[in-house]
Amino acid sequence: MYQPQSDLEACASEPIHIPGAIQPHGALLVLRPDDMAVLQASANAKDYLGEAIVAGGMPGSMIEAFLPEIRKWHASEEPVFQTHIADRGLSLVAHRSDSSIVVEVERSTAEPSGSIFPRLRGFTQTLASQSDLGDSLTTGTRFVQRLTGFDRVLVYRFDKDWNGHVVAEDGNGNLPSYLDLRFPASDIPAQARALYASNRIRLIPDVSYAPVPIEPAAHPQTGAVLDLSHSQLRSVSPVHLEYMRNMGTAASMSISILVNGRLWGLVSCHSAKPHLVSVAVRDACDFVVQSLAMRISAQGYAEDAASSVELGRISARLLASMTEGPTWLEGLADSPDDLLAQVAAGGAVIVAEDDYLSVGAVPQEKQVRAIVDWLKGRDDGEIYATASLGSEMPEAIAFAHVASGIVAIRISELHPSWLIWFRPEVIRTVQWGGDPHKIVQEEGRIHPRNSFDAWREQVRLQALAWTEPQLSAARDLRSAIVGIVLRKAEELASVSAELQRSNKELEAFSYSVSHDLRAPFRHIVGFAQLLRERESNLDPKSKHYLQTISDSALAAGRLVDDLLNFSQLGRASITHKNVDMNKLVVEVVRSVMLGNEGRIVDWSIDKLPAAWGDATLLRQVWFNLIDNAVKYTRPREKAEISVIGSLSNDVTVYAVKDNGVGFDMTYSNKLFGVFQRLQRAEDFEGTGIGLALVRRIVERHNGSITAMGELNKGSSFEFALPTPRTKGRAFA
């Protein structure tokens, strides 16, 4: 029957490190370091030490002979003291437990180093010659099986969820093969894994043993139950013993494989009958297993290093592409293959504010944006990665075929900008050693499952897992993108600040010069007029000279006035209100035509929508555009000028079109510059400031202006202004 989670948690929290008893293949004493008096002892101590041991007394003559060495060891940094009592055929091992010394003795024959060392040397030579990890693990299981005499030896590897997978095995056929079977994490609960990480070797010589109690049960000074985490004789959980019986094993030994300080897996040894191995053989097995751990670690480092080097090359190319492109986003778009290879993905999407770019196989845009909305509600920091998105985001099951796995990096904390990679679902069949979803319960007590027959399960909604080098490469790319964005932002801020300073200086200079020049030019015009009136007998050439002086001074005065208006625009405040553009245009047309009497102009003026802005400044816009249209249609016998307007998406757009001389679009970028003219000054009067003034006014209204033209066919000037509801700039 299926087991409620609360019962499973109770089983997983069993205090297996303080069982209060040991296995009977040895005896245990707890000594006080100050005087080496016995604080606790196993009930079978006399059987091994030859004399009764009582709490408060001394540990007996056999142990007392080694007390000087034990004291010396206790003062050192060595974790374990170990010796062999040859005349009694005992092995003695001591370790620290809290503030006490735990001494364990067990019957053991001294294995001559001459018989074990050559075998270990042969193993290390064989291991050194192998480049494949699978072959190395198989070699290790074969060696341990031959050395210990267990019926079956296997390598049991943990996955990220602590499920086990038998990846190597050797045996004599007395027990069934478990090769390639998987076992659920509940078979080895968390507290058991913690003990495996702290104490590498555990031996159970006889599954039917009777536990030997430790007396007294509690420490006489602290009242605590003795912590046996590092004990070789620790009694094990009855649940584990039942598990062994269900497996058909009467004896077992496990040796932890620790890679970089983390529990990678186990070398598990099983026998169909009771089986005891000596301390020396166990130590040799520990040496073998730790050699395998070093090989696993070295291969992992080599693979990660090779992967990191290749990913580093890809990152360098992406960085170059991002820095050379107009924007980092366009730079990535120009390197789609490298973008996918960065994390070995099948597809990628960049979502940056209003930009959306996809590469390879990806979900639909609305599905991607649903992922982004889901990510925004999480607190995963800079990066989120999963190989099973559907298990965390149920709506993602619908597109698991392209996006079971994702890596998402957040580009901006202020805006919803993300770079997301995708991997498709990989459907596979897994063989378990029995149904992993079922736990037996009887009369309120949990029993381990009693079936280890192969049980197949089809795994779905899973992609290939992302490796640490790939995730590191994703983080590096994020740092590169953020660095580029920040650098460009800093450059823009610096340029903007410099431009603002320069503009203020130029505006101040223009205002000062323009203001100071107005009076002299008026004086020139005035005195030229007085001189002409005073000297009535001047010859025609002299009168022409005076008229030229007067005309030039008037033109210069108009230029000064325009410059003064242009410079004042940078400081002038804008008062926004609804402006009747129809009224403004009528007034401007009337004003312009006063100076163009006799011209034939065919006017076409639409009903214009109202604008939101400063009426005085907008009148200047209309005056300059309409005056230019009248001016540059002068060569036409009949001028055709139209004024149109429209309102769309909270943006008002206006245009002035004519059939005048037009201009070459190649030089259109010069139109709105100060003193920029596309026509000869002698053909058409003007200061070259009018259109620059128009653009500044429009941009101060958060609008934009564009021009279209064709030589001898006319031109069109269109400007857009935002309504009060519009956020951001209005584009023409």
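Let me start with Asp98, which is exposed, with a relative accessible area of 70%; in this talk, exposed means over 50% relative accessible area, buried means under 20%, and partly exposed is what lies in between, using a 1.4 Å probe and protein chains only. What you see above is a predicted model, in which local features need pLDDT of at least 70 and side-chain atom pairs count only at pLDDT 80 or more, while totals for chains, interfaces and linings use all residues. Residues are numbered from 1 along each chain as its sequence is written, and side-chain values use heavy atoms, with hydrogens and water left out.

Asp98 sits in the loop between S5 and S6, where helices (H or I, at least four residues) and strands (E, at least two) are DSSP runs numbered from the N terminus. Although Asp98 is not a glycine, its phi is positive, at about 55°. Most residues other than glycine have a negative phi, and most peptide bonds are trans. Asn260 is another residue other than glycine with a positive phi, in this case near 55°, and you will find Asn260 in the loop between strand S12 (251–259) and strand S13 (262–271). With a relative accessible area of 56%, Asn260 counts as exposed. While we are on backbone geometry, please look at the peptide bond from Glu215 to Pro216, which is cis, with omega near -10°; Pro216 itself belongs to the loop between S11 and helix H8 (238–247).

Now let me step back to the whole protein. The secondary structure comes to 19 helices and 29 strands, and of the 732 residues, 46% are buried. If we take the contacts (heavy atoms within 4.5 Å) between residues at least 6 apart in sequence, 66% of them join residues at least 24 apart.

In what order do the seven strands of the open sheet stand? The order is S1-S11-S3-S2-S6-S5-S4, with antiparallel pairing, and two strands are said to pair if DSSP finds at least two bridges between them. Strand S1 (21–22) and S4 each have a single partner strand and stand at the edges, so one side of each is left without a neighbour in the sheet. At the S1 edge, S1 pairs with strand S11 (residues 212–215) in the antiparallel sense over two bridges, and there Ala21 stands opposite Pro213.

Several strands of this sheet come up again when we turn to helix H4 (residues 67–74), whose buried residues are Leu67, Ile70 and Trp73. Seen down the axis of H4, these buried residues fall within an arc of 120°, so they line one face of the helix; the arc is that of the directions from the helix axis to the C-beta atoms. On the other side of H4, Pro68 and Lys72 are exposed. The cover over the buried residues of H4 includes helix H3 (61–64) together with strands S2 (26–31), S4 (80–85), S5 (90–97) and S6 (100–107).

Next, consider strand S8 (residues 164–171), which is mostly covered, with six of its eight residues buried. Strand S7 (residues 152–158) pairs with S8 in the antiparallel sense over seven bridges, and one of the partnerships is that of Tyr156 with Val166 in S8. The hairpin of S7 and S8 has five residues between the strands, and in that hairpin Trp162 takes a positive phi near 70°. S8 is joined by two bridges to strand S9 (residues 182–183), again antiparallel, and His165 stands opposite Arg182 in S9.

Finally, I would like to set two loop residues side by side: are His701 and Ala398 buried or exposed? His701, found in the loop between H19 and strand S28 (704–710), counts as buried because its relative accessibility is 2%. Leaving out residues up to four places away in sequence, His701 touches several residues, among them Ile574, His576, Trp612, Asp614 and Leu721. Ala398, in the loop between helix H13 (389–392) and helix H14 (400–403), counts as exposed because its relative accessibility is 60%. The C-alpha atoms of Ala398 and Gln367 are separated by 9.4 Å, and these residues are 31 apart along the chain.
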